[in-house]
Every structure is written in C-alpha cells, then in structure tokens.
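Here is a short set of notes to read alongside the model. Please keep the structure open as you go through the points.

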Amino acid sequence: MLSTIVQNLLNALQWGSFYALIALGYSLVYGVLLLINFAHGDVFMVGAYIGFFVATFLLTQAAGLPGWVVLAVTIPATMALTAVVGVTLERVAYRPLRRKGANRLYVVITALMAGLILEHGNLALLGASRKKFPELINEVVYTVGGVSFTNLKIAVILAAFAVFVLLHFIVTRTKIGMAMRAISYDKFAVPLMGIPIDTVIVFTFILGSSMAGLAGVLFAMSYPVLEPYMGALIGWKAFIAAVVGGIGDIRGAFVGGFLLGAVEILVVAFFPSTFRDLIAFTVLLVILSFKPTGLFGVAKTTKI
Amino acid sequence: MLLEIENLVVRYGSIEALHGVSFTVDEGEVVTLIGANGAGKTTTLLSICRLPPPEAPRVAEGDIRFAGRSILAVEPHDVVRALKMALVPEGRRIFGNLTVEENLELATYARRGDPGVVKDLERVFQLFPRLRERRRQRSESLSGGEQQMLAVGRALMTGCRVLLLDEPSMGLAPVLKYEMFRALKRLNQEGVTILLVEQNAALALKFAHRGYVLDTGRIVAEGPTDHLLSNEEVKRAYLGG
Ligand SMILES: Nc1ncnc2c1ncn2[C@@H]1O[C@H](COP(=O)(O)OP(=O)(O)OP(=O)(O)O)[C@@H](O)[C@H]1O
Ligand SMILES: [Mg+2]
C-alpha cells in the first residue's frame with residue numbers, strides 16, 4: 001500500500017516536473033509583460049528538436065564520446081539555443097507590437113500564430129516523419145521496497161527542483177530579478193531607475209525559453225519520439241497549470257505543474273487512461289472556480 | 001545653461017497639451033513650475049524624461065537640450081544614467097511589492113561598482129531617518145508621507161545631479177511638508193539642481209530661486225520668485241489674493 005503511494009508520488013513528481021518547467025516560462029513572461037505567450041509550448045518542442053540535433057551531431061562528429069559527456073554538452077547547448085529562439089520571437093513578433101502600443105488582443109493572436117509557425121515551419125523543414133531521440137545514458141531501473149524508479153526519472157525531478165531554487169534566488173535576490181518584480185508592479189517607473197526595460201524583458205525570455213529547452217531535452221530522453229505537435233497539448237496543459245498555480249508567480253508555476261502531474265497520474269491509477277485529461281481538467285476547473293486568481297495568485301498587486 | 005526647453009509643443013495622440021513652452025534651468029538652481037490642474041506641469045516633466053507614450057506625450061515641435069545638446073533621441077533610462085536627471089513622479093509610483101531597501105537598491109541598477117552608492121544610501125537615511133527604521137518593510141505598507149520620502153530617496157540613489165519633482169508635498173501633513181522641503185533645501189545646498197512642480201504656489205515660490213507660471217500649456221509669467229510673489233496677477237490667480 002505504502003509502496004503504491006510512493007510509486008505514484010514519484011511518477012507524479014516526474015510527470016509534473018515537465019509541466020512545472022514549461023509553466024514557468026508562461027508565468028515569468030506574463031508577470032513581466034502581462035502577455036500570454038502561447039508560442040511557449042512550441043518553444044519547448046523546438047527545444048526538444050534542438051537537443052536532438054545537438055546530440056546527434058555530437059554522436060556522429062565525435063563518435064566514441066561517452067554518452068554522459070554528450071549529455072553534459074547537449075543540455076547547456078540546447079538551453080542556450082532555445083533561449084536564442086525565445087529571444088528572437090520576442091524581437092521579431094512581440095517587440096514591434098509593444099513599440100506601437102498594440103492592444104493586447106493582437107499580441108495574443110500574434111503569439112498563437114508564432115506557435116503555429118514554429119510547428120508548421122518544423123513540419124515543412126523536417127517533414128512529417130518522427131525523430132527518435134538517441135539514448136545517451138543507460139536507463140537503470142532501481143527497485144527499493146517495491147518502488148521502482150530509474151536514474152532518469154530521479155534526474156528529471158532533481159532538475160526541476162534545482163531550477164526552482166535557482167529561479168527563486170534570481171527573482172528574490174538579484175537586481176535583475178528585482179527589476180522583473182518592479183516591472184510587474186509598475187512598468188512606468190522602471191526606466192526612471194535607469195533600467196532599460198527591454199533588457200529585463202529579454203532576460204525574462206532567456207530564463208523562460210532556456211528552461212523550456214531543458215524540459216525539451218529531458219522529455220525527449222524520457223519519451224524519445226519527437227514530432228512537430230508534441231508541444232501543443234503539453235503547452236496548453238502547462239499554461240493551465242500556471243494559471244491554477246497563480247500565473248505570474250514562480251511558486252505557482254511549480255505547484256500548479258506538480259498538481260497537474262499528480263492529478264493525471266492518480267486518474268490513470270484508478271480509471272481507464274482515456275479519462276485522464278477529462279478528469280484532470282475538471283479538477284483544475286473546480287479549483288479555479290473556488291480561487292480564480294490561482295493558488296498563489298493575489299487579486300492584482302504583484303506578479304512573479 | 002544646464003537644461004533648456006525651447007518652444008516645446010507636445011501631444012497625447014492628437015490632443016495638444018503644451019503649445020510652445022520655453023524655460024531654462026541653470027546648474028545649482030531651484031526652479032519652480034507652478035500652475036493649476038491640467039496646466040501641463042506633469043506633461044512637461046514627462047517630456048523631459050523622454051518617457052514613451054501613451055502615458056507620456058510625443059514631442060511635436062521644439063527642443064529639449066541638456067548642456068547644449070538635444071536629448072530628444074535619448075532613451076529614458078539614459079536620461080538617468082548618462083544625464084543624471086531623476087524624476088520623482090506624480091503619485092510617487094514606488095514599487096509597492098518591494099521593500100524599502102529593495103526600492104533604494106533597484107535605483108542603483110546602473111551603478112555597478114560605483115563607490116558613491118554607500119555614501120548616497122547613508123545620505124538618504126540621514127535625510128529621511130524613517131526610511132532606515134522601515135527599511136525591511138514592504139513599501140506598500142508605508143504611510144503616504146513615508147512613500148513620498150522613499151520616492152525622493154529612490155531618485156537620489158540613482159546618483160542624480162538634477163532632481164525633477166512632481167508635487168512632492170501632495171497629500172503630506174504640514175509637518176511632513178516642512179520636513180520634505182528642508183531635505184530638498186539641503187540637497188540643493190549640496191549641489192543638486194532642482195526643477196520643482198507644485199500646485200502649492202506659495203510654498204514653491206518661497207522655496208525656489210526662479211519660477212514660471214504655466215497656464216493651459218503656455219508660460220504666462222516668469223521671473224525671480226520674489227517678483228512673482230509680488231506680481232498682482234500671480235497673487236490673484238495662484239496665491240488666493
Ligand atoms: N495620458 C494622457 N492622455 C491624454 N491627455 C492627457 C494625458 N495626460 C495628461 N493629459 C492632458 O494634458 C493636459 C495637461 O495635463 P498634466 O497632467 O500635465 O497637468 P498638470 O499641470 O500636471 O495638472 P495637475 O496639477 O492636476 O497634476 C491636461 O489637459 C490633461 O487632460
Ligand atoms: Mg500633474
């Protein structure tokens with residue numbers, strides 16, 4: 001009995017880690033820009049592909065490199081390149097609209113279109129065939145007291161927690177984090193402090209997209225089949241997780257992500273798996289109807 | 001001349017708010033801009049700070065010069081960094097979700113490695129001892145007067161040489177008003193140039209060296225403050241008799 005609970009908990013944490021890592025990007029960008037970056041799920045997809053290409057490149061160009069070395073290079077390289085994608089998106093799609101003072105509706109539509117462009121750009125460039133992510137480390141299964149887990153699963157969970165600690169530190173302790181919080185409170189007064197708003201926005205996109213890139217690699221290692229639409233549904237779910245947690249607050253992104261992971265795993269444990277999304281979304285809907293601002297949300301004062 | 005505003009015409013969308021305003025501020029001076037509600041005082045300060053629309057207006061004609069050079073193309077954060085002009089905005093606009101200390105620290109964003117920061121912090125705490133007492137408090141929870149002190153303190157932490165103040169006495173009890181102006185006087189004696197916008201004309205004219213009277217987007221009177229104080233028009237319209 002206890003082992004079943006621990007097993008499900010572990011599964012929930014691993015599954016929730018992906019949501020949490022993606023939800024974070026929605027939350028940070030929303031906190032700073034009040035923009036729902038609907039392209040973010042597709043940035044995660046692009047991250048997985050970047051990871052695929054980096055890893056494959058390393059494996060073919062430097063054959064004989066041990067898998068863990070390839071992984072150790074792939075992760076930071078993917079995070080950096082995915083950050084470039086996120087920042088480019090900001091430059092090309094969102095900044096011009098911001099300069100013109102466009103209505104938020106147009107910005108949201110632009111975000112949706114940017115996501116579709118990423119999906120279909122991928123489809124056009126790489127074709128419809130799926131890609132198989134190479135195996136970089138040997139997945140080892142451990143069994144302790146009836147609970148079985150793999151080294152990869154533990155790594156995913158640890159990565160999510162490490163990211164949380166890092167981001168929490170950045171947002172609460174560093175000057176740029178302070179600037180992010182200040183923007184979410186009152187954008188008008190930020191340049192008066194000698195702070196270039198665009199720098200803070202770019203930094204926010206770097207954080208969000210690099211974490212989506214990390215999630216992309218970890219996801220591709222755990223479920224090694226890549227296809228252009230892989231970011232769509234998981235992106236929507238991560239967005240909902242961010243809202244349920246309280247969008248604009250990084251604690252909310254993590255709590256929402258893990259909560260969604262837990263609900264899904266629990267549903268699958270007791271119901272046919274086709275019920276999963278139906279029940280999961282219903283639970284989230286109920287939570288929101290009781291607390292429309294999300295678990296960590298405050299009516300409208302501070303975000304992030 | 002440190003700051004020269006020349007024939008400035010600005011618009012919010014298609015609404016013209018200033019119709020050709022000219023004035024100057026010299027280094028070390030205290031200059032005040034007085035006028036009734038809607039005269040264009042805030043508009044003038046926002047234009048000088050180069051803040052972007054829609055909250056601030058767009059310059060349609062005229063020029064704003066700092067030390068002889070036009071600053072119309074300068075970014076708002078560079079007005080603070082490069083020109084060392086800081087605005088204490090109308091309504092304070094402090095970051096309520098940050099602590100007092102964080103508000104002050106954030107203002108030093110562009111001063112990495114500047115040894116003057118420590119001295120400036122000490123100066124702010126000396127001018128406004130209440131801020132020291134409340135430094136770990138979320139600034140939202142400060143009283144209105146304390147928030148105003150924080151807004152001034154924050155501007156000083158940017159390392160500014162020119163202070164633009166938009167109604168710093170607004171909503172302050174008389175004692176605090178007096179305290180605020182005493183602090184401003186000390187700052188000016190230490191070399192900070194001040195451009196002060198006030199609705200409280202009597203107070204502003206007593207404090208400043210020179211003044212300009214703004215009426216619906218135009219300068220209608222100007223001169224040394226003692227002249228303005230004895231000007232019959234100004235007396236009748238702004239000093240209540
Ligand atoms: N954001 C804005 N959009 C459109 N018009 C504006 C805006 N801000 C100010 N105005 C208009 O510009 C004119 C000048 O306003 P401004 O705020 O500069 O006056 P003020 O002298 O600061 O008044 P107060 O003493 O009430 O603060 C007013 O007619 C006002 O309606
Ligand atoms: Mg005003």
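**Notes on the predicted model**

1. Let us start inside chain A. Setting aside residues up to four places away in sequence, A:Glu90 touches A:Arg95, A:Pro96, A:Arg98, A:Ile201, A:Val202 and A:Phe205, where contact means heavy atoms within 4.5 Å. A:Glu90 sits in helix α3 (residues 67-99) of chain A; helices here are DSSP runs of H or I with at least four residues, strands are runs of E with at least two, and both are numbered from the N terminus. Its relative accessibility is 0%, so A:Glu90 counts as buried; buried is under 20% relative accessible area, exposed over 50%, and partly exposed in between (1.4 Å probe, protein chains only).

2. A word on the ground rules. This is a predicted model, in which local features need pLDDT of at least 70 and side-chain atom pairs count only at pLDDT 80 or more, while totals for chains, interfaces and linings use all residues. Residues are numbered from 1 along each chain as its sequence is written, chains are lettered from A and ligands numbered from 1 in the order in which they are written, and side-chain values use heavy atoms, with hydrogens and water left out.

3. Next, have a look at helix α7 (residues 197-222) of chain A. At 1.5 Å a residue, its 26 residues should span 38 Å, and the end C-alpha atoms are indeed 38 Å apart; the expected span is 1.5 Å times one less than the number of residues. Of those 26 residues, 23 are buried, so α7(A) is largely enclosed by the rest of the structure.

4. How many residues does each chain bring to the contact? Chain A gives 22 and chain B gives 27. About 2,300 Å² is buried between the two chains, 68% of it from carbon and sulfur atoms; this is the accessible area (1.4 Å probe) that two parts lose on being put together, summed over both.

5. Two salt bridges cross the interface of chain A and chain B, each a side-chain nitrogen of Lys or Arg within 4 Å of a carboxyl oxygen of Asp or Glu. One of them joins A:Arg181 and B:Glu102, at 3.1 Å from N to O. On the side of chain A that touches chain B, helix α6 (residues 175-185) supplies the largest share, eight residues.

6. Finally, in chain B, B:Gly20 lies in strand β2 (residues 15-25). At 23% relative accessibility, B:Gly20 counts as partly exposed. Its C-alpha atom is 4.9 Å from that of B:Val9, eleven residues away along the chain.
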